[in-house]
Amino acid sequence: FPVENIRNFSIIAHVDHGKSTLADRLLEMTGTITKTEHNKQVLDKLQVERERGITVKAQTASLFYSYEGINYLLNLIDTPGHVDFNYEVSRSLSACQGVILVVDANEGVQAQTVANFYLAFEAQLAIIPVINKIDLKNADPERVEKQIEKLFDLPEDDCIRISAKLGTNVERVLQHVIKKIPPPSAHTSNPLKALVFDSTFDHYRGVIASIALFGGQVQKGDKIVFAHTRKTYEVNEVGILTPDEQPTHKLYAGQVGYLIAGMKEVTEAQIGDTLYSHKEPVEPLPGFKLAKPMVFAGMYPIAQSEYNNLKSAVEKLTLNDSSVTVHRDSSVALGAGWRLGFLGLLHMEVFNQRLEQEYNASVILTAPTVPYKAVLSSAKLIKEYGKEEIIIINPAEFPDKNSVSEYLEPTILGTVITPDVYMGKIITLCQARRAVQKDIIYIDEQRVMLKYLFPLNEVVVDFYDTLKSLSSGYASFDYEDAGYQAADLVKMDFLLNGNTVEELATVVHKDKAYAVGKAVCERLKDAIPRQLFEIAIQAAIGNKIIARETLKAYRKDVLAKCYGGDISRKMKLLKRQAEGKKKMRKIGNVEVPKDAFITVLKRQ
Ligand code: GDP
Ligand code: MG
């Protein structure tokens, strides 16, 4: 294929605006798949993606289309549909020269539409605005076109009104792809230079890398090098995706396809990395980043006997997702487990759900935490860590205020788009989450866009759900990383009759300490059974007690029920009580059942 007849593009949209449906139509119209009910949303492969309507792993398809007597090769590069995967979205976009921006004719511009638009805009891509679902009764394409013009400066007249469901005007979308998106500027005569924009693991063939060639060519037998790992491999197979792998003799500059070369782990073909020929090293493409976990959670098997099953399930899942970080961890109460790092909250939920669906593993996932930083002032600690700034993901390692000049917390810039009737409630919610307003714009007569700088920690627990319920589901939310800011952080301990319960220690913002302390004390009070003596449940910062609950004494006399007499029944009851005690952990003289830890530590 001559390069001038190639178009590389993506479809970007807010969730549910019709990206997958449009992709299906494009595949059908170009004869890539046949029209049946079964292959609805062929590009969404994982069960969790179908259920949640989001694309987790990008899928790519090459389409052949003939227009005005010329044959075109159109490479549709699918992007993940959620903020947590923004890095992957931006990598996929750098394999493209243009995008189709899909907006629902009824819902209008939403938070993810804005975020996706800016990713495409910053990558200097051609943007084809498309208003979808015009067949809906409440569709108001005019209003949406005005929003698009106001926010993105794309002329109203450029919008194509379509129904992806019925196929209306979808042909025009393909024609615009050909006319408005430039072909890639890539030359086969240059040395091989290819971007890895996705990588998946296959049990039989190892890692399959999705690549876009910016120069040169590649075929079986070639020796290639990954710029980031500097490892060399011999190519076993190359081909195009339709969307199943279809081997070809070669891949040329400007093309998009897959490559198999004996990589055994997805970390060997990192998203964003550049590959080149062993013979002719080139400057790697800019923008490579290693996945950076922003949300951490402990993960434990419900029963320790399940540990090995869970371990192999986690290993299998991480084979396909190099962005999850895994560290072994253990808790006196919950036994052996892991501390996992995720890109964001949804990423964590998707991982957990895949674990359950695909591997049938039941797990306890602890409440998520974020990576705090401390700038050390104590010479002794600086020497110990070998650096001045440390990242704290485990409260046990939280350095004391006296040896620290500053604590820092991660922040995000959040975008909320909402009908203006909910604005008051949403502003109150944002303020309660310590957020600072950055911007407020009316995108039309009834809809506003709010921008807030949030501490990430305030968003990871139930912000999204609260926002949705406050706005009857109408507000949408998206965010981007906004670096670290100074924060007044404290370590909070919990005590039972004066003894510290290590696994409950937590780092909180000073302004939130009282509320968190009180809530945890209350939950502990409900979860710990009464014992023969009174129990003081306390939350403390250093030596200062900030919250307290008291659990009254109770005479737990199991024998009282069996009015004397039956000895064997008595023995049975005593035995049962002893077994119950085995599941207890002793803190000082207080017995705490494992369930109590789960209740307190678990994500609500
Ligand atoms: P995605 O999340 O952007 O991939 O959205 P989907 O393609 O999964 O579509 C979300 C929902 O909108 C599905 O129930 C689709 O059937 C529906 N949908 C998509 N396009 C249209 C359309 O043109 N008209 C109507 N009425 N529904 C559509
Ligand atoms: Mg989809």
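Here is a short chat about a ligand site and a helix pair in a predicted model.

Colleague: Before we start, how are things numbered and counted?
Modeller: Residues are numbered from 1 along each chain as its sequence is written, chains are lettered from A and ligands numbered from 1 in the order written, and side-chain values use heavy atoms, without hydrogens and water. In this predicted model, local features need pLDDT of at least 70 and side-chain atom pairs count only at pLDDT 80 or more, while totals for chains, interfaces and linings use all residues.

Colleague: How many residues surround ligand 1?
Modeller: A residue is near when one of its heavy atoms lies within 4 Å. The closest include Asp16, Lys19 and Asp135, and the total is 17 residues.

Colleague: Which atom of ligand 1 lies 2.7 Å from a polar side-chain atom of aspartate 135?
Modeller: Polar contacts here pair N or O atoms within 3.5 Å. Lysine 19 uses a polar backbone atom, 2.7 Å from an oxygen atom of the ligand. For the side chain of aspartate 135, the partner is a nitrogen atom.

Colleague: What share of ligand 1 does the protein bury?
Modeller: Accessible areas come from the Shrake-Rupley method with a 1.4 Å probe. Alone, ligand 1 exposes 570 Å², and the buried share is 81%.

Colleague: At roughly what angle do helices H7 and H8 cross?
Modeller: Axes are lines fitted to C-alpha atoms over the stretch in contact, with angles from 0 to 180 degrees between N-to-C directions; helices are DSSP runs (H or I, at least four residues), numbered from the N terminus. The axes of H7 (residues 307-319) and H8 (residues 345-359) come within 10 Å and cross at roughly 115 degrees.

Technical notes: Helices (H or I, at least four residues) and strands (E, at least two) are DSSP runs, numbered from the N terminus. A polar contact is a pair of N or O atoms within 3.5 Å; within protein, one must be able to donate a hydrogen and the other to accept it, and residues adjacent in sequence count only if both atoms are side-chain atoms.
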